[in-house]
Amino acid sequence: MADLKKLAEEIVGLTLLEASELKNILKDEYGIEPAAGGAVMMAGPAAETAAVEEKTEFDVILLEAGAQKINVIKEVRAITGLGLKEAKDLVEAGGKAVKEQAPKAEAEEIKAKLEAAGAKVELK
């Protein structure tokens, strides 16, 4: 194994031209590029597969009321606190959000209630 202290001293002692040339060699021959903060970052399969964030907030979208429209209107009123006319308009419009940015558990609960009432619901 190389003497790391000696290597570090050599890197610190590089001129700007030498440091730039070292950067090009590391990039072209080894796929290593400096990150925005100046730390060395490997390019390759590990860097290419970014961790996908799990979505935590969902919009509950009422696609259609189904055959039991009155039951769906009642559920929408209970969930949203809207008046009868507003809830009826929301249900009849279709494709509208009943609840936006709800936590996952709450969104799934709302979806289950609306589906039990006969509606077709989607989480986005």
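**Exercise 1. A salt bridge between two side chains**

Which side chain meets that of K99 in a salt bridge, and what is the N to O distance? Determine also how far each of the two partners is exposed.

*Solution.*
Step 1. The model under study is a predicted one. In this model the partner of K99 is E106, and the N to O distance of the salt bridge is 3.3 Å.
Step 2. A salt bridge is counted when a side-chain nitrogen of Lys or Arg lies within 4 Å of a carboxyl oxygen of Asp or Glu. The pair of E106 and K99, at 3.3 Å, is such a salt bridge.
Step 3. Residues between the limits of 20% and 50% relative accessible area count as partly exposed. E106 has a relative accessible area of 30%, so E106 is partly exposed. K99 stands at 29% and therefore counts as partly exposed.

**Exercise 2. Further salt bridges**

State how many salt bridges are counted, and describe those of K113 and E122.

*Solution.*
Step 1. The count comes to seven salt bridges. As a general principle, side chains of opposite charge can pair when their charged atoms come close.
Step 2. K113 is joined to E109, and their closest N and O atoms are 3.5 Å apart. Because K113 and E109 are four residues apart in helix α6, about one helical turn separates them.
Step 3. The relative accessibility of K113 is 39%, so K113 counts as partly exposed. With a value of 46%, E109 also counts as partly exposed.
Step 4. E122 forms a salt bridge with K124, with a distance of 3.7 Å between the closest N and O atoms. E122 is partly exposed, at 30% relative accessibility.
Step 5. K69, K88 and E92 are joined into one network by salt bridges that share partners.

**Exercise 3. The order of the elements**

Give the numbers of helices and strands in the protein chain, and write down their succession from the N terminus.

*Solution.*
Step 1. The protein chain contains six helices and five strands.
Step 2. Read from the N terminus on, the elements follow the pattern α-α-β-β-α-β-α-α-β-α-β.
Step 3. Helix α2 serves as an example: this helix covers residues 16-30 and includes L26. L26 has a relative accessibility of 28% and so counts as partly exposed. When residues up to four places away in sequence are not counted, L26 touches G31 and I32.

**Exercise 4. The open sheet**

Describe the sheet formed by three strands, and explain why one side of β4 and of β5 has no neighbour in the sheet.

*Solution.*
Step 1. The strands of the open sheet stand in the order β4-β3-β5, and their pairing is antiparallel.
Step 2. β4 and β5 (120-123) are at the edges and have a single partner strand each; therefore one side of each strand is left without a neighbour in the sheet.
Step 3. From one strand to the next, the twist averages 25°.
Step 4. The antiparallel pairing of β3 and β5 extends over four bridges. E64 has K120, in β5, as its bridge partner.
Step 5. Helix α6 packs on the sheet and touches β3, β4 and β5. The direction of α6 makes about 145° with that of β4.
Step 6. Strand β4 also holds Q101. Q101 is not a glycine, yet its phi has a positive value, near 50°. Its relative accessibility is 57%, so Q101 counts as exposed.

**Exercise 5. The nonpolar core**

Identify the residues that touch the most other members of the largest nonpolar core, and name the elements that supply two or more of its residues.

*Solution.*
Step 1. The largest nonpolar core has 19 residues, of which L62, V72, V76, V91 and L114 touch the most other members.
Step 2. Two or more residues come from each of β3 (57-64), α4 (69-80), α5 (84-93), β4 (96-103) and α6 (104-116). The most come from α4, which gives four residues.
Step 3. V72 illustrates the contacts: apart from neighbours within four places in sequence, V72 is in contact with L62, A65, V91, L114, A117, G118 and A119.
Step 4. For the protein chain as a whole, 18% of the 124 residues count as buried.

Methods
Residues numbered from 1 in each chain as written. Predicted model: local features only at pLDDT ≥ 70, side-chain atom pairs only at ≥ 80, totals over all residues. Heavy atoms only, no water. Core = buried A, V, L, I, M, F, W, Y, C linked by side-chain atoms within 4.5 Å. Buried < 20%, exposed > 50% of the residue type's maximum accessible area, 1.4 Å probe, protein only. Contact = heavy atoms within 4.5 Å. Pairing = 2+ DSSP bridges. Axes fitted to C-alpha atoms, helices over the stretch in contact; angles between N-to-C directions.
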